[in-house]
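Welcome! Here are some short exercises, each with a solution worked out step by step. Take a look at the structure, then try each task before reading on.

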Amino acid sequence: MRTKIGFLIIALFISISSFPAFAQEVKALVTPENFTAFDTPNDAGKSISLTWLVSKNNDQEGVYYIIYASQGSSGPWTQVDKILSTTAYKSEAPQYFGLKESNNQYHFYEVTGIPGVVESITSTVYFKLAITDGDNTVEFPSVVSAAPEGNFFDTSKTNVLIFVLIFSFLIMFFISLARKNPNLFVRHIPGLDAIEETIGRATEMGRPILYLNGLLDMSSLSTIAATSILGKVAKKVANYDSQIKVPCYDPIVMSVCQEVVREAYLEAGRPDAFKQDNIFFITNDQFAYAAAVDGLIVRHKPAANLYMGYYYAESLLIAETGAATGAMQIAGTDSITQLPFFITTCDYTLMGEELYAASAYLSREPLQLGSLKGQDYSKAFIIIVLVVGAVLSTAGYTFVVNLFKTF
């Protein structure tokens, strides 16, 4: 008998707990509090934001908020949206309200238009709020209103502005310093130090220098860096009365290279030694270009080959041919996948940003040198902040991490 009563109690308990409607307490709907409307901050003036305090009915299933809007204070009212009570918090919009923990205590909804009335909000709009559980609906007692206004400054990007000002100050400071002292220390780059040696070697051997700009067009940073280095190399070639050959993959790059080399010869005081035919276009087909360059290397046997810019699979074909002829080779590229081939086949290789720093390194011009030093110190600043931020974040202090968040 006692066993049967025990089974009945257990079965009754299981049956009650399996029906949430009986297990959960049904609360009376409470009017939402602190319902406010205001112009959405940091926008172009096309929306209005609504916030209200989290209701005591939030933990109750099937509870929704209904937002109504009207162009007049007395209606007619149009339903804008119906949102579940456990969604749409201020914490989901940190670009407007920051990262405060109290943001989870408020709901947030951004209204950009009134369905069937206006697509975008440009004037004052009135709002009212209601809460419903499907059977009952309770409205907020008062109507709120707001008008959209465009904002001149997006305060959520203040951190970006501060870092831009810091980095700009560092660059301007070092440019000013470089103008007073052009011999600012820059880490020695063996590949660039060897350029003069390669030109001297080519002059002594009576052979030309082969210079390639890579396979990208003039919109590429690596091609711009390569043509900038070409100007410095061509000036030294003119001073040594040697010859430089520049086969190009792109006709526009060819025109730019011709002018760069012509200018270098003028600066060296040797305009008569400039030969425009030495800078020529071959083809914009990748492997046809590689085959043609290989043919040039085999026929002319340059004493030095300089490969600057961006390369693809043809890098090994060209550099291996150059190595087979016994030429001294210097490569510089930001193509990570091709770096191993250049390191294997060339005497010196400029890796990544060394290619961009080469122009400042060779010319020692204050503008380029100051920019290079300013960028280096900016990177050092970022590394220090990252290390400090990682340590503090591990210890539970996230304010440094939040400084770098963008919205």
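A definition to start with: Ala, Val, Leu, Ile, Met, Phe, Trp, Tyr, Cys and Pro count as nonpolar, Asp, Glu, Lys and Arg as charged, and the others, Gly among them, as polar. Keep in mind that this is a predicted model.

**Exercise 1. The largest pocket**

Task: Describe the largest pocket by its space, its lining and the classes of its lining residues.

Solution:
- Step 1. Begin with the space: the largest pocket holds about 570 Å³. Its lining is made of 22 residues, and those closest to the centre are E353, Y356, A357, L372 and Q375.
- Step 2. Next, find the helices. At least two lining residues come from each of helix 7 (221–240), helix 12 (353–363) and helix 13 (366–394).
- Step 3. Now sort the lining by class: 11 residues are nonpolar, five are polar and six are charged.

**Exercise 2. The second largest pocket**

Task: Find which helix gives the most to the lining of the second largest pocket.

Solution:
- Step 1. This pocket has about 260 Å³ of space. Its lining consists of G231, K232, K235, K236, N239, V260, E263, A264, E267, L362 and E365.
- Step 2. Helix 7 and helix 8 (251–267) each bring at least two residues to this lining.
- Step 3. The answer is helix 7, which contributes the most, with five residues.
- Step 4. As for classes, the lining has three nonpolar, two polar and six charged residues.

**Exercise 3. Salt bridges between distant parts of the chain**

Task: Work out where the partners R187 and E354 sit, and how accessible each one is.

Solution:
- Step 1. The structure has 10 salt bridges. One of them joins R187 to E354, with their closest N and O atoms 3.1 Å apart.
- Step 2. Place the partners: R187 lies in the loop between helix 4 (158–180) and helix 5 (190–193), while E354 belongs to helix 12, so the bridge connects distant parts of the chain, 167 residues apart.
- Step 3. Compare with the cut-off: buried means under 20% relative accessible area. E354, at 17%, is therefore buried, whereas R187 is partly exposed at 49%.

Task: Do the same for K232 and E365.

Solution:
- Step 1. Their side chains form a salt bridge with an N to O distance of 3.6 Å.
- Step 2. K232 is in helix 7 and E365 is in the loop between helix 12 and helix 13; these are distant parts of the chain, 133 residues apart.
- Step 3. K232 has 22% relative accessibility and counts as partly exposed; E365 is also partly exposed, at 35%.
- Step 4. Look back at Exercise 2: both K232 and E365 line the second largest pocket.

**Exercise 4. A network**

Task: Which residues are linked with R270 in a network of salt bridges?

Solution:
- Step 1. R270 and D272 form a salt bridge, their closest N and O atoms lying 3.9 Å apart.
- Step 2. D272 is exposed, at 63%, and R270 is partly exposed, at 24%.
- Step 3. Adding D241 completes the network of D241, R270 and D272.

**Exercise 5. A buried charge**

Task: What does the side chain of E314 make a polar contact with?

Solution:
- Step 1. E314 is part of helix 10 (residues 314–324).
- Step 2. E314 is buried and has no salt bridge; R299, the nearest side chain of opposite charge, is 18 Å away.
- Step 3. The contact is with the side chain of Q286, at 2.8 Å.

Conventions:
Residues numbered from 1 in each chain as written. Predicted model: local features only at pLDDT ≥ 70, side-chain atom pairs only at ≥ 80, totals over all residues. Heavy atoms only, no water. 1 Å grid on protein atoms, 1.4 Å probe; cavity = no way out; pocket = protein on both sides within 12 Å on 5 of 7 lines; lining within 4 Å. Points joined across faces, edges and corners; volume = space filled by probe spheres on them. Helix = DSSP H or I, 4+ residues; strand = E, 2+ residues; numbered from the N terminus. Buried < 20%, exposed > 50% of the residue type's maximum accessible area, 1.4 Å probe, protein only. Lys, Arg positive; Asp, Glu negative; His and termini not counted. Salt bridge = Lys/Arg side-chain N within 4 Å of Asp/Glu carboxyl O. Polar contact = N/O pair within 3.5 Å; in protein donor to acceptor, adjacent residues only side chain to side chain.
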